[in-house]
Amino acid sequence: MWRRAASLSSSIFSSSSRRALRDRGAYSSKAMEFSSAEPFKGEGCLSKEKNLYITFVLGGPGSGKGTQCAKIVENFGYTHLSAGELLRQEIASNSEDGVMILDMIKEGKIVPSEVTVKLIQKGMESCDNGKFLIDGFPRNEENRTAFEQIIGAEPNIVLFFDCPEEEMIKRVLNRNEGRVDDNIDTIRKRLKVFAASHYPVIDYYSKKGKLYKIDAIGTEDEIFERVRPVFAACEGAQ
């Protein structure tokens with residue numbers, strides 16, 4: 001089942017990543033009780049124009065978050081904005097930013113926060129719906145603060161799809177989407193970047209009582225049955 005997480009279990013990252021995080025004193029054991037989040041109205045122009053309800057969706061490559069987002073859209077009427085897909089669309093446009101994004105992805109690096117947030121902002125502004133799933137973002141603390149400053153809002157909840165590293169590698173290699181970054185060396189590099197950069201974000205929202213950790217092992221329908229109660233509760237709180 002899903003569970004609200006104020007601290008992270010050691011199963012989230014690989015053993016080598018956990019050792020590095022322990023050396024930095026990153027782990028916390030304090031638990032927090034469930035409480036429903038109210039929609040946050042920030043100071044940015046977008047949040048003034050819309051009554052926003054924002055969900056950040058986090059998980060390593062191959063964790064299945066995109067598939068689950070599609071089910072959330074179908075069942076709860078959210079608008080899905082994939083940070084990765086927005087970046088790939090920009091690459092396909094052959095713009096200057098698109099060329100820069102492609103080079104950084106090939107190297108396993110993180111795209112500058114302002115670039116990604118501006119693409120997300122454009123997607124949010126083009127939609128009448130105020131309920132958003134922002135998939136694959138934020139990837140680090142800089143992303144998080146840039147979003148708050150540019151959009152003028154915080155997420156109401158954050159989903160984290162918890163999946164073992166080897167399972168994520170197997171899924172990515174099997175999905176055959178023809179992406180330039182879907183080879184085993186680059187996947188492992190991406191997972192290392194994920195573990196190093198996402199932990200502070202996940203921990204930040206854990207401590208704020210906004211994180212829901214989802215067991216991402218099982219069939220698509222089994223996993224969604226762990227997700228469904230989160231959004232059913234959120235619908236009742238709005």
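**Entry 1: overall make-up**

I began with the secondary structure and found 10 helices and 6 strands in the protein, where helices (H or I, at least four residues) and strands (E, at least two) are DSSP runs numbered from the N terminus. I note here that this is a predicted model, in which local features need pLDDT of at least 70 and side-chain atom pairs count only at pLDDT 80 or more, while totals for chains, interfaces and linings use all residues. Residues are numbered from 1 along each chain as its sequence is written, and side-chain values use heavy atoms, with hydrogens and water left out.

Of the 238 residues of the protein, I find that 52% count as buried; buried means under 20% relative accessible area, exposed over 50%, and partly exposed in between, with a 1.4 Å probe and protein chains only. The accessible surface comes to about 11,300 Å², and carbon and sulfur atoms hold 48% of it; such areas come from the Shrake-Rupley method with a 1.4 Å probe, and for residues only the protein chains shown count as cover. I also looked up contacts, meaning heavy atoms within 4.5 Å, and among those with a separation of 6 or more, 77% are between residues 24 or more positions apart.

**Entry 2: the nonpolar cores**

I turned next to the nonpolar cores, each a set of buried Ala, Val, Leu, Ile, Met, Phe, Trp, Tyr and Cys residues joined through side-chain atoms within 4.5 Å. The largest has 32 residues, of which Ile54, Phe56, Ile120, Met124, Ile134, Phe137 and Phe147 touch the most other members. At least two residues of this core come from each of β2 (53–59), α4 (83–92), α5 (96–106), α6 (113–125), β4 (131–135), α7, β5 (157–162) and α9 (184–207), and α6 gives the most, with 5 residues. Apart from this core lies another, of 25 residues, among them Val57, Ala216, Val227 and Cys234.

I followed Ile54 further: leaving aside neighbours within four places in sequence, its contacts include Met124, Ile134, Phe147 and Ile157.

**Entry 3: Asn143 and its surroundings**

I looked up Asn143 as a residue covered by the UniProt annotation "binding site" in an unreviewed entry; UniProt positions are given in the numbering used here, feature names are shortened, and annotations may be inferred rather than shown by experiment. Asn143 is found in helix α7 (residues 141–151), and at 2% relative accessibility Asn143 counts as buried. Beyond its neighbours within four places in sequence, Asn143 is in contact with Val111, Ser113, Val117, Phe137 and Pro138. The side chains of Asn143 and Ser113 are joined by a polar contact of 2.6 Å, a polar contact being a pair of N or O atoms within 3.5 Å; within protein, one must be able to donate a hydrogen and the other to accept it, and residues adjacent in sequence count only if both atoms are side-chain atoms.

Two of these partners led me to the backbone, where the peptide bond from Phe137 to Pro138 is cis, with omega near 0 degrees. Pro138 lies in the loop between β4 and α7.

**Entry 4: other annotated positions**

For "binding site", the unreviewed UniProt entry also lists Gly62, Ser63, Gly64, Lys65, Gly66, Thr67, Arg175 and Gly218. I checked Gly64, which lies in the loop between β2 and α3 and is partly exposed, with a relative accessible area of 27%. Arg175 lies in helix α8 (residues 165–175), and at 27% relative accessibility Arg175 also counts as partly exposed.

**Entry 5: single residues**

Which loop holds Gly77? I placed Gly77 between α3 (65–76) and β3 (79–82), partly exposed at 39%. Gly77 and Phe132 are 55 residues apart in sequence, yet their C-alpha atoms are 9.0 Å apart in space.

Lys213 is found in strand β6 (residues 211–215) and counts as buried at 3% relative accessibility; a polar contact of 3.5 Å joins its side chain to that of Asp162.

Asn94, in the loop between α4 and α5, has a phi near 60 degrees, a positive value in a residue other than glycine, and at 65% relative accessibility Asn94 counts as exposed.

Last, I looked for disulfides, that is, pairs of cysteine sulfur atoms within 2.5 Å, and the structure holds 0. Cys69 is buried at 1%, and Cys163 is buried at 3%.
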